[in-house]
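This note sets out, point by point, what may be read from the structure shown below. It is written for a reader who is new to such descriptions.

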There are 2 protein chains.
Amino acid sequence: MIVRALGLLDAFGPDRPALTLSELARHAGVPLSTAHRLVADLARCGALERDDAGRYRIGLRLWELGALAPRGQALRETALPFLEDLSRITRENVQLAVREGAEVVFVERLAGSAAVPVHTRVGGRFALTATGVGLVLLAHSPPELQDEVLAGRIERFTPFTVTDPGRLRRMLADIRRDGHSVSDRQVTDDSLSVGAPLHDARGHVVAALSLVVRHGSVDARALAPLVRTTAAGISRALSAR
Amino acid sequence: MIVRALGLLDAFGPDRPALTLSELARHAGVPLSTAHRLVADLARCGALERDDAGRYRIGLRLWELGALAPRGQALRETALPFLEDLSRITRENVQLAVREGAEVVFVERLAGSAAVPVHTRVGGRFALTATGVGLVLLAHSPPELQDEVLAGRIERFTPFTVTDPGRLRRMLADIRRDGHSVSDRQVTDDSLSVGAPLHDARGHVVAALSLVVRHGSVDARALAPLVRTTAAGISRALSAR
């Protein structure tokens, strides 16, 4: 029942913020009567809200519960002052992300006032193999996951996306050695991102930070110390928490 | 079952981010066997995560779903650039909140670099009767809710908290007339907050914004136009969405 209810909620997405009962039933592959019962329960708890047009939306109660997720809101709150400093000083895009399985989940994104357009959205997911944050998280993930990702289909976003497993494996080794990643036009063909890992008190990589700039505007080597020192500052704050 | 599962999740709070199975069962008032089954289902969907010590935490999946709540993350994303401008220019606390029943829920809080300490937390709740945002939201809530709140127990936080129902009712009328609220030392005895409503495309008040400053440092009348113009800017952006 719980699995079904959460399956029903999976129908919502950034491009589908409001759904009718029959759209919900269809997406979840359950009969209308079942959907009706699940939706009534979810609405009673505040997990769903009904708008004036009779469509359902994710309710504030879920947002409140989600705000308690240590890897979501709590991480974001600790990191935010550092992200704001980096965004204000560079006026570029700053991103914070964690790994969930074989994907990146973006936890925060601050758009600089003069920054290059990026695809990411808070709460959105992306492949591990292309972005600056994704490469950092993949480089520090269990070896079995790295093998699985490199043996699977590696999505191409631009002519510059690295999709060769051998070359990606060498990139991951470089990232572990250098302490930062460089994703050069691998996601959009006008952007470059430099990522660095965030550690918890025991030295585990729990998240990654990146700065995304217009390709050709800045030397990536000049950005790496900036991203790494900011990441180190956040890691200190996470350890002190 | 769904109601029970969400009841179990209610055990988590900002001061209780990680709970054992027996703590969860005790808080939800269900047998250990029931809690075990619910927790297994919730963990399977990613709604709960288990840490190294075997305790449970709110999972990233709930945070992702919550990020789709129009009154949570979507409102926050639209408002954030305006909140950042106000925070950067004033260096004071900026708060964004919505009403859920008879309470305020804080959706965003930016702490200014030289700002007075405040009690609020993103995802946290507070009484409608004391804060700048709460007074705005109460002033624009249905008359029945106003009657209910004013007839109930009105919590006192400082010697300056207005708890007299007649005086509060006049304050609410002033807020509707003036387009802004002033909460003068009503929450902590060294802070003053000025709030203003955010409207959707149909003119409904959907949220409130406030600027919280140290009492005595600035004239509240000087802040009102600043808060109101920022609120009007966000309302325009919400209507255009």
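1. In this predicted model, the C-alpha centres of domain 1 and domain 2 of chain A are 32 Å apart. Domain 1 of chain A covers residues 2-66, and domain 2 of chain A covers residues 70-240.

2. How are chain B and chain A related in space? Chain B is superposed on chain A by a rotation of 180°, with a shift of 0.0 Å along the axis and an RMSD of 0.0 Å. This is therefore the relation of a two-fold axis. Both copies use the same surface, since 100% of the contact residues of chain B recur in chain A.

3. The extent of the interface may be described in two ways. By residues, 52 of chain B are in contact with 52 of chain A. By area, the two chains bury about 4400 Å² between them, and carbon and sulfur atoms account for 66% of it. Three residues should be noted here: B:Ile2, B:Trp63 and B:Leu68 together provide 17% of the area that chain B buries against chain A, more than any other three residues. On the choice of area as a description, the size of an interface is often given as the accessible area lost when the parts come together.

4. The polar side of the interface also deserves attention. Between chain B and chain A there are ten salt bridges, and ten residue pairs are in polar contact, with both residues at pLDDT 80 or more. Which elements of chain B give two or more residues to the side that touches chain A? They are helix 1 (2-9), helix 3 (32-44), strand 2 (56-58), helix 4 (60-66), helix 5 (70-90), strand 3 (93-100) and strand 4 (103-110). Helix 5 of chain B makes the largest contribution, with nine residues. By residue type, the side of chain B that touches chain A comprises 28 nonpolar, six polar and 18 charged residues.

5. Over all chains, a search of the whole structure yields 44 salt bridges. One of the salt bridges joins A:Arg71 to B:Glu49, with 3.3 Å between the closest N and O atoms. This pair crosses between chains: A:Arg71 belongs to helix 5 (residues 70-90) of chain A, whereas B:Glu49 belongs to strand 1 (residues 48-50) of chain B.

Notes
Residues are numbered from 1 along each chain as its sequence is written. Chains are lettered from A and ligands numbered from 1 in the order in which they are written. This is a predicted model: local features need pLDDT of at least 70, side-chain atom pairs count only at pLDDT 80 or more; totals for chains, interfaces and linings use all residues. Side-chain values use heavy atoms; hydrogens and water are left out. Contact means heavy atoms within 4.5 Å. Buried area is the accessible area (1.4 Å probe) that two parts lose on being put together, summed over both. A salt bridge is a side-chain nitrogen of Lys or Arg within 4 Å of a carboxyl oxygen of Asp or Glu. A polar contact is a pair of N or O atoms within 3.5 Å; within protein, one must be able to donate a hydrogen and the other to accept it, and residues adjacent in sequence count only if both atoms are side-chain atoms. Helices (H or I, at least four residues) and strands (E, at least two) are DSSP runs, numbered from the N terminus. Ala, Val, Leu, Ile, Met, Phe, Trp, Tyr, Cys and Pro count as nonpolar, Asp, Glu, Lys and Arg as charged, and the others, Gly among them, as polar. Copies are superposed by least squares on the C-alpha atoms of residues with pLDDT of at least 70 in both. Domain bounds come from an automatic or database domain assignment.
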